[in-house]
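Please explain how the two chains of this model are arranged and what holds their contact surface together. The points of interest are symmetry, the interface and the ion pairs.

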2 protein chains.
Amino acid sequence: MIVGVDIGGANLKFADESQRARSRFFPIWRQPELLKDALRESLAAFPEVTALAIVMTGELADCFVDRAEGVDHITAHVHQAAAQLGIKSCYFYGVDGAFRQRVGVEDVDLLAAANWHALASFVGRTITADALLIDVGSTTTDIVPIRDRVVATKAMTDYDRLGEGSLAYIGCQRTPVCALCSSLRFQDRSVPVMNEVFATIDDARIVLGFELESPTDFQTADGKPRTKEFAANRLARMLGLDRRRVSLQQATHIADQVIHAARERIADSIQRLLATQSFRPQAYVISGHGNDLLRLPDDQEVISLAERLGPDVSRCAPSYAVAMQLSHGFDQRPTAPFHA
Amino acid sequence: MIVGVDIGGANLKFADESQRARSRFFPIWRQPELLKDALRESLAAFPEVTALAIVMTGELADCFVDRAEGVDHITAHVHQAAAQLGIKSCYFYGVDGAFRQRVGVEDVDLLAAANWHALASFVGRTITADALLIDVGSTTTDIVPIRDRVVATKAMTDYDRLGEGSLAYIGCQRTPVCALCSSLRFQDRSVPVMNEVFATIDDARIVLGFELESPTDFQTADGKPRTKEFAANRLARMLGLDRRRVSLQQATHIADQVIHAARERIADSIQRLLATQSFRPQAYVISGHGNDLLRLPDDQEVISLAERLGPDVSRCAPSYAVAMQLSHGFDQRPTAPFHA
C-alpha cells in the first residue's frame with residue numbers, strides 16, 4: 001500500500017490508496033529536528049506500507065536558511081522515518097510531474113512547493129479535463145488551470161506563481177489580519193490597525209460561524225481557545241481594544257471586513273491569472289476547507305472535491321493525490337524515475 | 001534616587017535622575033511570569049534607589065486576556081521586585097499626569113499605554129513649550145502635540161490615538177514587512193508578498209545601513225543573525241525567494257520599498273493628526289532611534305532628544321522622563337497622589 005505524505009509548513013498530512021487519511025499540526029519551524037519522529041508516529045498507523053509518495057512545501061519555513069537546506073532536511077527525515085518503519089521506497093514528487101528516489105541539489109526547485117501540482121495532475125487525470133482548481137488551505141490558496149487533463153501553467157515556483165496569480169498567499173487559518181487590513185471600521189470610524197499578529201483570519205471565520213468553535217484547541221495567535229469569545233477578543237486587540245469594550249456582535253462587523261478583504265485578494269488573484277492566461281474555465285474544482293473565501297460565478301459548474309472524495313480525504317487532498325499519482329505511475333511504467 | 005521604569009511589550013527600560021540608563025530585551029508575552037526577576041536583576045544595578053516611577057505599555061501583550069489583567073500582572077510584579085530589593089515606594093504614572101501608589105480596576109485605562117504621555121509632559125515642562133514630539137520606537141511611533149507646555153490632545157487610549165493619528169503602529173524594528181507592503185517590485189514586476197512574518201522593517205534598515213549589523217544578535221524574524229546577508233535573505237523570502245536567487249544589491253531595492261511604505265504611513269498619521277488639530281507646530285522634537293523613517297519639513301526647527309540627553313538616555317527616554325516627572329512632583333507637592 002502506498003501512503004502519500006504532504007509535508008507542509010504547519011501541517012503533516014497523510015492518505016493511502018484506500019482513502020485512509022490523517023493529519024497533524026506540526027509547525028516545522030518550531031522544532032524541525034522532530035520531523036522524523038512526527039512522520040514515524042503518524043505513518044505507524046497505516047497498515048502494510050510498501051512505499052511513500054512525498055510532496056512538500058515545508059522547505060519554505062524560515063528555520064531553513066534556504067530551500068536547498070529545507071529540501072535536504074525533509075528528504076533526510078523522510079528516509080530516516082521510513083527506515084525505522086521498514087519502508088523501503090520513498091518517491092519524491094516534483095513540479096515536472098516526475099518522482100525521484102534520489103534527490104540532488106539540482107532537484108531543489110522541482111521538489112520545493114510541489115503539492116499543488118500533484119493535486120492538479122490528479123484532478124486532471126481522474127476528475128475533469130478542463131477546469132480551474134481552487135484549493136483553499138490554512139495558509140495559501142492554489143489556483144491552477146487544468147487543460148486537456150494536464151496542468152496548464154508554466155509558472156512552477158512560488159515566486160512565479162505569486163506573480164501570475166496562481167498562488168494567493170491567503171488561507172483560511174493562518175493569515176494575519178494586519179496583512180489583510182491596514183485599517184478597520186469600528187463605530188463609524190476608520191482606525192489603522194496595530195501591526196501585530198494579534199489575530200488571524202481564523203478568528204474572523206470563528207466569529208462568523210464559518211468555522212466551528214473548539215475550546216480545547218489553542219492554535220491561535222494568543223494561545224487562548226478557538227472560541228467565539230476569545231476570537232472576538234483577539235479581533236478587538238487589533239484596534240487596541242479588548243473584550244471589556246467590544247461585544248461579540250461588534251466583533252462580527254470587524255470579522256466581516258477581514259473576510260471581505262481576503263475574498264477581494266483571492267478574487268484579484270483569480271482575475272489576474274485568467275487575464276494572463278486568456279482562459280475561461282469550463283468548471284471550477286473546489287478543494288480545501290475555506291470555500292467561504294471564494295466568490296464563484298453562478299453560471300459555472302462547480303465540482304466539490306469534498307463531495308467526491310469525502311471530507312477526510314479532501315482535507316488531505318494533496319497527499320491522497322500524490323499516492324494515487326505514484327500508484328498510477330507504477331501501473332504505467334514500473335521503473336523510477338518516471339512521469340505519472 | 002528615583003529610577004524610572006518603562007515596561008514595554010518587547011523591552012524593559014530604566015533610567016535614574018542621574019541619567020544612568022539601561023535597557024533589556026524582554027518580550028513579555030513569552031514568559032510574563034519572569035517579569036519580576038528581569039526587573040529585579042536590572043534594578044539591582046542602580047545605586048541607592050528610594051522610589052520607582054513606572055510607565056507601562058506591556059499590558060497590551062496578548063499573553064494577557066485584557067488590559068485589566070495586564071496592568072494587574074505588571075503592578076504585582078513591580079511590587080514584588082521592589083520588595084525584594086528593599087525599595088519601599090512604587091509610583092505608577094497615568095495619562096491624567098498623576099502618579100498612583102495603589103492601583104485599582106478603575107485606573108486600568110489611565111495606566112495602560114502611558115509612556116508617550118510621560119515623555120511629552122517632560123518635554124513640555126523642560127525643553128520646549130510648543131512642539132510636535134515624534135518618538136520612533138521599536139514597534140510604534142508616538143506623535144504628540146505639545147502646547148503651552150502640556151500634552152495637547154484629548155486622545156488618551158491607544159484606540160483613540162490610532163484613530164486621530166497620534167499613534168502610528170509602525171516602528172523601526174518589529175513591524176512585519178507583510179503589514180507594510182502587500183506587494184513588492186522585483187525585476188520589473190510587482191509580486192504579491194507571502195503573508196508571513198518572514199521579515200521585518202529591521203531587515204530593510206540593516207540592508208540599507210540605517211542600522212549597524214550585529215552578528216551576535218538573533219532577535220530577528222527567523223532567529224538568524226542581524227547581518228546584511230541574513231537580512232537580505234529574509235527580505236527575499238517575502239517573495240518566495242532566498243539567497244540563492246537574490247543578491248544583496250537586489251535586496252536593497254526591496255528594502256527601499258519597505259522603508260518608503262513605512263515613511264508614507266507615518267507621514268499620513270502626522271498629516272491626519274495635524275489636520276484634525278488644525279495645529280502647526282513651532283518645532284519638532286525627535287526621540288527614538290528610527291529617524292530615517294521620518295520626513296520633516298526643512299523650514300522647521302528640529303530638536304533632537306538624543307543630542308540633548310545623550311544617546312543612552314534618549315534610548316530610554318520615557319523611563320528618564322517618568323523619573324524626572326516624579327522627582328518634580330515631589331518637589332512641588334510631596335504627597336501622593338499628585339500631578340507632576
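The paragraphs below take the symmetry, then the interface, then single chains.

This is a predicted model, in which local features need pLDDT of at least 70 and side-chain atom pairs count only at pLDDT 80 or more, while totals for chains, interfaces and linings use all residues. Residues are numbered from 1 along each chain as its sequence is written, chains are lettered from A and ligands numbered from 1 in the order in which they are written, and side-chain values use heavy atoms, with hydrogens and water left out.

Chain A is superposed on chain B by a rotation of 180° with 0.0 Å of shift along the axis, at an RMSD of 0.0 Å; the fit is by least squares on the C-alpha atoms of residues with pLDDT of at least 70 in both copies. This is the relation of a two-fold axis. Both copies use the same surface, as 100% of the contact residues of chain A recur in chain B. Within chain A, the residue that comes closest to the rotation axis is A:A179, with its C-alpha at 2.3 Å.

In the interface, 52 residues of chain A are in contact with 52 residues of chain B (contact means heavy atoms within 4.5 Å). The two chains bury about 4,300 Å² between them, 51% of it on carbon and sulfur atoms; buried area is the accessible area (1.4 Å probe) lost on putting two parts together, summed over both. On the side of chain A, the residues that lose the most area to chain B are A:D62, A:Y159 and A:N195, together 18% of what that side buries.

Between chain A and chain B there are 8 salt bridges, each a side-chain nitrogen of Lys or Arg within 4 Å of a carboxyl oxygen of Asp or Glu. One of them joins A:E196 to B:R174, with the closest N and O atoms 2.9 Å apart. Among the elements that give two or more residues to the side of chain A touching chain B are α2 (67-85), α8 (228-237) and α9 (248-277) of chain A. Helices here are DSSP runs (H or I, at least four residues) and strands likewise (E, at least two), numbered from the N terminus. The element that gives the most to this side is α5(A), with 6 residues.

Salt bridges over all chains number 48. Inside chain B, B:R24 pairs with B:E41, the closest N and O atoms being 3.3 Å apart. B:R24 belongs to strand β3 (residues 21-25) and B:E41 to helix α1 (residues 35-43) of chain B, so this salt bridge ties together parts that are 17 residues apart in sequence.
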